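Could you walk me through this fold, from its sheets and helices down to the residues packed inside? A briefing with short, grouped points would suit me well.

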Amino acid sequence: MRAVSTPDGQMISPFGPPIWVGQMSDDVINEVSRIIESRRDTQDHRIGKDQLAGRVDEQISIEDAVSTDTVNHILDHVVTWAQMTGMEIYTDQLKVEGLWVNLQKEFEYNPIHAHDGMFSFVFYTKNTISRDNATNNKFDKADKPLAGHIELHYGETQFMNWTSMMHYPEKGDILIFPSWLNHSVYPFHDPNGERISVAGNIHYK
């Protein structure tokens with residue numbers, strides 16, 4: 001059984017299901033970024049628009065190209081988080097399925113959706129727009145800026161019942177959550193901006 005290295009991150013509980021918010025290693029971000037750049041202008045690894053929920057023009061698969069070290073680093077985050085919740089679960093029991101990339105441009109977004117599997121994750125290799133610049137636009141309300149955020153949705157809106165978690169992603173961030181949890185991604189409004197996210201699901205082997 002492979003020993004789990006302790007990744008950088010923390011478990012938070014903004015509502016019912018706990019969420020992991022962590023940081024990917026620089027080595028992994030650099031490796032994945034190189035793979036993405038080598039594939040982004042080709043058709044061989046494009047994912048059809050009918051296969052993913054995102055309203056994103058450019059979506060590619062990198063599942064076949066990442067190293068075992070990268071997969072294990074993702075699983076280390078997952079197992080650390082799961083064990084903190086009291087689950088007896090280990091890296092050798094799990095596998096990553098998916099690893100698709102969204103190269104998000106202005107006005108592109110992901111509607112509310114959920115995934116399959118046990119857990120889902122998303123991490124970010126690039127975001128050219130600061131939160132202040134992203135939310136400084138004519139569409140956002142001052143009391144709830146949305147542009148560029150990922151939002152996790154849970155439960156019904158009631159008095160003193162928190163039903164969402166907003167996160168503005170930066171390069172290196174990783175979020176992990178139960179796969180059934182609804183989530184969405186809001187568009188940003190910068191014609192020169194780009195955000196690159198990598199998502200996938202965790203299943204038992």
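Here is a friendly tour of the model, topic by topic. Please keep in mind that the model is predicted. Seven strands make up one open sheet, and a separate listing gives an open sheet of four strands. Helix 1 packs on the seven-stranded sheet, and the largest nonpolar core has 30 residues.

**The seven-stranded sheet**

- The strand order in this open sheet is 1-2-9-6-11-4-3, and the pairing is antiparallel.
- Strand 1 (8-12) and strand 3 (58-61) are the edge strands; each has a single partner strand, so one side of each has no neighbour in the sheet.
- On average, neighbouring strands here are turned by 20 degrees against each other, direction ignored.
- Five bridges join strand 1 to strand 2 (residues 19-23) in the antiparallel sense, and Ile 12 stands opposite Ile 19 of strand 2.
- Strand 11 pairs with strand 4 over nine bridges, antiparallel, and Glu 97 sits opposite Asn 201 of strand 11.
- Strand 11 also pairs with strand 6, over eight bridges and again in the antiparallel sense; Asn 127 is opposite Arg 195 of strand 11.
- Strand 11 is mostly covered, with nine of its 10 residues buried.

**Helices against the sheet**

- Helix 1 (residues 26-39) packs on the seven-stranded sheet, where it touches strand 3, strand 4 (94-104), strand 6 (119-127) and strand 11 (195-204).
- The direction of helix 1 makes about 75 degrees with that of strand 6.
- Helix 2 (residues 68-84) lies across strand 1, strand 2, strand 4, strand 6, strand 9 (173-178) and strand 11, and runs at about 140 degrees to strand 2.
- From first C-alpha to last, the 17 residues of helix 2 reach 24 Å, close to the 24 Å expected at 1.5 Å a residue.
- Helix 2 is mostly covered, since 12 of its 17 residues are under the 20% relative accessibility that defines buried.
- The buried residues of helix 2 include polar ones by name, such as Thr 70, Asn 72, His 73, Asp 76 and His 77, as well as Ile 74, Leu 75, Val 78 and Trp 81.
- Just after helix 2, Gly 86 takes a positive phi of about 100 degrees.

**The nonpolar cores**

- Within the largest nonpolar core of 30 residues, Ile 36, Ile 62, Phe 121 and Phe 123 touch the most other members.
- Helix 1, helix 2, strand 4, strand 6, strand 9 and strand 11 each supply at least two residues of this core.
- Helix 2 contributes the most to this core, with six residues.
- Setting aside neighbours within four places in sequence, Phe 123 is in contact with Met 24, Ile 29, Val 32, Ile 74, Asp 173, Ile 174, Ile 196, Ser 197 and Val 198.
- A second, separate core has 16 residues, among them Val 122, Ile 150, Leu 175 and Phe 177.

**A closer look at Phe 177**

- Phe 177 is found in strand 9.
- Is Phe 177 buried or exposed? Its relative accessibility is 1%, and buried means under 20%, so Phe 177 counts as buried.
- Beyond residues up to four places away in sequence, Phe 177 touches Ile 19, Trp 81, Phe 119, Ser 120, Leu 152 and His 183.
- Phe 177 and Ile 60 are 117 residues apart in sequence and 22 Å apart in space, C-alpha to C-alpha.

**The four-stranded sheet and His 113**

- This open sheet has the order 5-10-7-8, with antiparallel pairing.
- Strand 5 and strand 8 (164-167) are its edge strands, and each pairs on one side only.
- The twist averages 15 degrees from one strand to the next.
- Strand 5 and strand 10 (residues 182-185) pair in the antiparallel sense over two bridges, with His 113 opposite His 183 of strand 10.
- His 113 belongs to strand 5 (residues 110-113).
- With 14% relative accessibility, His 113 falls under the 20% limit and so counts as buried.
- The side chain of His 113 makes a polar contact with the side chain of His 115 (3.3 Å).
- Apart from residues up to four places away in sequence, His 113 touches Ala 53, Leu 181, Asn 182 and His 183.

Conventions
Residues are numbered from 1 along each chain as its sequence is written. This is a predicted model: local features need pLDDT of at least 70, side-chain atom pairs count only at pLDDT 80 or more; totals for chains, interfaces and linings use all residues. Side-chain values use heavy atoms; hydrogens and water are left out. Two strands pair if DSSP finds at least two bridges between them. Axes are lines fitted to C-alpha atoms, for helices over the stretch in contact, and angles run from 0 to 180 degrees between N-to-C directions. Contact means heavy atoms within 4.5 Å. Buried means under 20% relative accessible area, exposed over 50%, partly exposed in between (1.4 Å probe, protein chains only). A polar contact is a pair of N or O atoms within 3.5 Å; within protein, one must be able to donate a hydrogen and the other to accept it, and residues adjacent in sequence count only if both atoms are side-chain atoms. A nonpolar core is a set of buried Ala, Val, Leu, Ile, Met, Phe, Trp, Tyr and Cys residues joined through side-chain atoms within 4.5 Å. The expected span of a helix is 1.5 Å times one less than its number of residues.
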